[in-house]
Amino acid sequence: MGYRVAVVGATGNVGREMMNILAEREFPIDEIAAVASSRSVGSEVEFGETGKMLKVKNIEHFDFTGWDIALFSAGSGASKEYAPKAAAAGCVVIDNSSLYRMDPDVPLIVPEVNPDAIDGYKKRNIIANPNCSTAQLVVALKPLHDAATIKRVVVSTYQSVSGAGKAGMDELFEQTRAIFVNDEKTSNVFTKQIAFNVIPHIDVFLEDGSTKEEWKMVVETKKILDPKIKLSATCVRVPVFVGHSEAINIEFENELTADQAKEILREAPGCMLVDKHEDGGYVTPVECVGDGATYISRVRDDPTVEHGITLWCVSDNLRKGAALNAVQIAELLGRKHLQKA
Ligand SMILES: NC(=O)c1ccc[n+]([C@@H]2O[C@H](COP(=O)([O-])OP(=O)(O)OC[C@H]3O[C@@H](n4cnc5c(N)ncnc54)[C@H](OP(=O)(O)O)[C@@H]3O)[C@@H](O)[C@H]2O)c1
């Protein structure tokens, strides 16, 4: 016996990956629904590569009663309107938007890091999925924190355009094409030209001069991993289609050498260490696409502090940063709380 699962935002970047991952991991499903906005009525999406085509349902008329789990990736507006309705109908919502992440009554889960926090989901029947950059960061930090207690992290991100949805990918493609054929180029999704450029601005500016994306990395890391960790982030959009990269500098309370860190990361859940000191002996975004791991390379001692290391980390933002993490949460929920006979 399996679950009745609704994927909300099924026509989007993350929703399509959710369909792929549910099928790939053979999540026990009795019935699956593809749900999106009224714009998608009449279209179809494939359930993974199974050949099974699903007619997209309009969320405005979708009744969540009798559905076990809803994986939401339709933006904060849709989550605000429909997630509480789904939750009230008895369907557990796993939400990809930022809306509920810092709600004290909503657990924010990365299964390799804080699986036990999922027990708090019953207060609202909603579980939040973190920001894509936070997810891969905490997977890399968790085993190192357990070993030597992290005091402070400085992280710079190199985030792909798929983090801004299908429209972000289209804008990079169109601008690149326009530059090559000498057409006029326009920027609608990003604040400046993204093709052949980098933009140190993701989400809105806050009063202190940081951006909301940077703030999310700070507060989400504290909620998931440890409120005592100090973190400074600079989030940058780069002209890469899929895969976020991060340069991470970590300062510890206790001694931890780069060699010890590598030994730990080699065995850590969700991590894949690729770190050869030779040309190409590290992972770049194009190599992580379609994969679930958080790849770690370039681990080295930081001689400027008493106990510190620097490393490079890459992951598929549509997978570990969104869809895979959400499906892993659904698996955890199934194992701990929603067991089917
Ligand atoms: N991309 C990432 O790396 C990433 C990582 C973590 C979290 N997220 C979050 O995941 C969500 C979706 O991201 P995405 O990259 O998949 O965006 P996307 O490619 O733009 O897709 C958006 C999806 O949401 C649907 N949608 C939009 N408004 C809706 C509404 N009012 N009611 C029902 N469905 C609606 C769209 O349906 P139509 O096709 O019918 O318009 C589409 O299926 C966002 O909240 C984003 O913040 C994304």
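**Where the ligand sits**

In this predicted model, Ser40 reaches the ligand with its side chain: an N or O atom there is 2.5 Å from an oxygen atom of the ligand. The ligand itself sits in the largest pocket. Domain 1 (3-130 + 322-336) and domain 2 (133-317) each supply residues to the shell around the ligand, so it ends up between the two.

**Polar contacts and cover**

- Asn13 comes in through its backbone, with an N or O atom 2.9 Å from an oxygen atom of the ligand.
- Ser162 also uses a polar backbone atom, this one 3.0 Å from a nitrogen atom of the ligand.
- On its own the ligand has 900 Å² of accessible area, and the protein covers 79% of that.

**Who makes up the shell**

- Four elements each give two or more residues to the shell around the ligand: α1 (13-24), α2 (75-88), α4 (165-180) and α8 (319-336).
- Counting residues, 26 surround the ligand, and the closest are Thr11, Val14, Ser37, Arg39 and Ser40.
- So what is the shell made of, in terms of nonpolar, polar and charged residues? Polar residues account for 15, with nine nonpolar and two charged alongside them.

**To recap**

- Ser40 turns up twice here, as one of the closest residues and as the side chain at 2.5 Å from a ligand oxygen.

How values were computed. Residues are numbered from 1 along each chain as its sequence is written. This is a predicted model: local features need pLDDT of at least 70, side-chain atom pairs count only at pLDDT 80 or more; totals for chains, interfaces and linings use all residues. Side-chain values use heavy atoms; hydrogens and water are left out. A residue is near a molecule or strand if one of its heavy atoms lies within 4 Å of it. A polar contact is a pair of N or O atoms within 3.5 Å; within protein, one must be able to donate a hydrogen and the other to accept it, and residues adjacent in sequence count only if both atoms are side-chain atoms. Accessible areas come from the Shrake-Rupley method with a 1.4 Å probe; for residues, only the protein chains shown count as cover. On a 1 Å grid over the protein atoms alone, a cavity is a set of points where a 1.4 Å probe fits but cannot get out, and a pocket is an open set with protein on both sides within 12 Å along at least five of seven lines; lining residues have an atom within 4 Å of a point. A molecule sits in a cavity or pocket if more than half of its atoms lie within 2 Å of its grid points. Ala, Val, Leu, Ile, Met, Phe, Trp, Tyr, Cys and Pro count as nonpolar, Asp, Glu, Lys and Arg as charged, and the others, Gly among them, as polar. Domain bounds come from an automatic or database domain assignment.
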